[in-house]
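Open the model in your viewer and keep the sequence panel beside it. The tour below goes stop by stop, with a selection to make at each one.

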Amino acid sequence: MGLAKTEIFTDRQNQIAIFAKAFGHPARVAILQHLFKIESCFCGDLVNEIGLAQPTISQHLKELKYLGLIKGTVEGTSVCYCIDRENWAAMKGVMGDFLDQDLPENEECC
């Protein structure tokens, strides 16, 4: 299998790809939506909220944490998760700039 060769792309391009990965699976989108809906840290059972197996939820939480969009703290025997506000704001800026690109109105293509 070949290398991803991410080093040939700009930091901004790599950052956009990393953030976009967070939305690459509906389970991660559902987890993020739930964390926003409760407006606080969530220490409960996301299995009941999302409807997937615990190992699957754990993998998606791990990915969201790796991407920096959520953070988790250990409280006793459970981990509480919440949106990382600083990284979320940074992601919105980067993705907003990227998604706000438009073609000129007078340009014809294909």
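Start with helix H1 and select Asn-14, Ile-16 and Phe-19, which are buried. Keep in mind throughout that this is a predicted model. Now show H5 as well: the buried residues of H1 pack against H5.

Stay on H1 and pick Asn-14, which has its place in that helix. Its relative accessibility is 19%, and Asn-14 counts as buried because the cut-off for buried is under 20%. Leaving out residues up to four places away in sequence, Asn-14 touches Thr-6 and Phe-9.

**The nonpolar core**

Next, colour the nonpolar side chains. The largest nonpolar core has 20 residues. Select Leu-32, Leu-35, Leu-61, Leu-69 and Ile-70, the residues with the most contacts inside this core. At least two residues of the core come from each of H1, H2, helix H4 (54–66), strand S2 (78–83) and H5. Which element gives the most to this core? The answer is H5, with four residues.

Centre the view on Leu-69 and list its contacts, setting aside neighbours within four places in sequence. Leu-69 is in contact with Phe-19, Ala-22, Leu-32 and Leu-64, among others. The list for Leu-69 also includes Cys-82, Ile-83 and Asp-84, as well as Asn-87, Trp-88 and Met-91. Phe-19 is one of the buried residues of H1 selected at the start.

**The two strands**

Move to strand S1 (residues 70–75) and show it together with S2. The two strands pair in the antiparallel sense, over six bridges. To follow the pairing, select Ile-70, whose bridge partner in S2 is Ile-83. Then select Thr-73; its bridge partner in S2 is Cys-80. In a regular strand, side chains alternate between the two faces of the sheet.

Where the chain passes from S1 to S2, look at the hairpin. Two residues lie between the strands, and Gly-76 takes a positive phi near 70° in this hairpin.

**The aromatic cluster**

Now display the aromatic rings. There are two aromatic pairs in the structure. Select Phe-23 and Trp-88, an edge-to-face pair with 6.4 Å from centre to centre and 75° between the planes. Phe-23 is in the loop between helix H1 (11–21) and helix H2 (26–38), while Trp-88 is in helix H5 (residues 85–99), so the pair ties together parts that are 65 residues apart in sequence.

Are these two residues buried or exposed? Phe-23 counts as partly exposed, at 38% relative accessibility. Trp-88 is buried, with a relative accessible area of 17%. Add Phe-36 to the selection: ring pairs link Phe-23, Phe-36 and Trp-88 into a cluster.

**The largest pocket**

Keep Phe-36 and Trp-88 selected, since both also line the largest pocket. The space in this pocket is about 200 Å³. To see its wall, add Leu-35, Glu-39, Ser-40 and Cys-41, then Cys-82, Ile-83 and Arg-85, which are also in the lining. H2, S2 and H5 are the elements that give two or more residues to the lining of the largest pocket.

**His-34**

Go back to helix H2 and select His-34, which lies in that helix. His-34 counts as buried, at 8% relative accessibility. Which residues does His-34 touch, not counting those up to four places away in sequence? They are Phe-42, Leu-46 and Glu-49.

**The segment after H5**

Finish past the end of H5. Gln-101 is found in the segment after this helix, and Gln-101 is exposed, with a relative accessible area of 54%. Draw a C-alpha to C-alpha distance from Gln-101 to Asp-84: the two are 26 Å apart in space and 17 residues apart in sequence.

Pro-104 is also found in the segment after H5. At 44% relative accessibility, Pro-104 counts as partly exposed. Draw the last distance from Pro-104 to Cys-43, which are 48 Å apart in space, C-alpha to C-alpha, and 61 residues apart in sequence.

Notes: Residues numbered from 1 in each chain as written. Predicted model: local features only at pLDDT ≥ 70, side-chain atom pairs only at ≥ 80, totals over all residues. Heavy atoms only, no water. Phe/Tyr/Trp six-rings, centres within 6.5 Å; stacked < 30°, edge-to-face > 60°. Buried < 20%, exposed > 50% of the residue type's maximum accessible area, 1.4 Å probe, protein only. Contact = heavy atoms within 4.5 Å. Core = buried A, V, L, I, M, F, W, Y, C linked by side-chain atoms within 4.5 Å. Pairing = 2+ DSSP bridges. 1 Å grid on protein atoms, 1.4 Å probe; cavity = no way out; pocket = protein on both sides within 12 Å on 5 of 7 lines; lining within 4 Å. Points joined across faces, edges and corners; volume = space filled by probe spheres on them.
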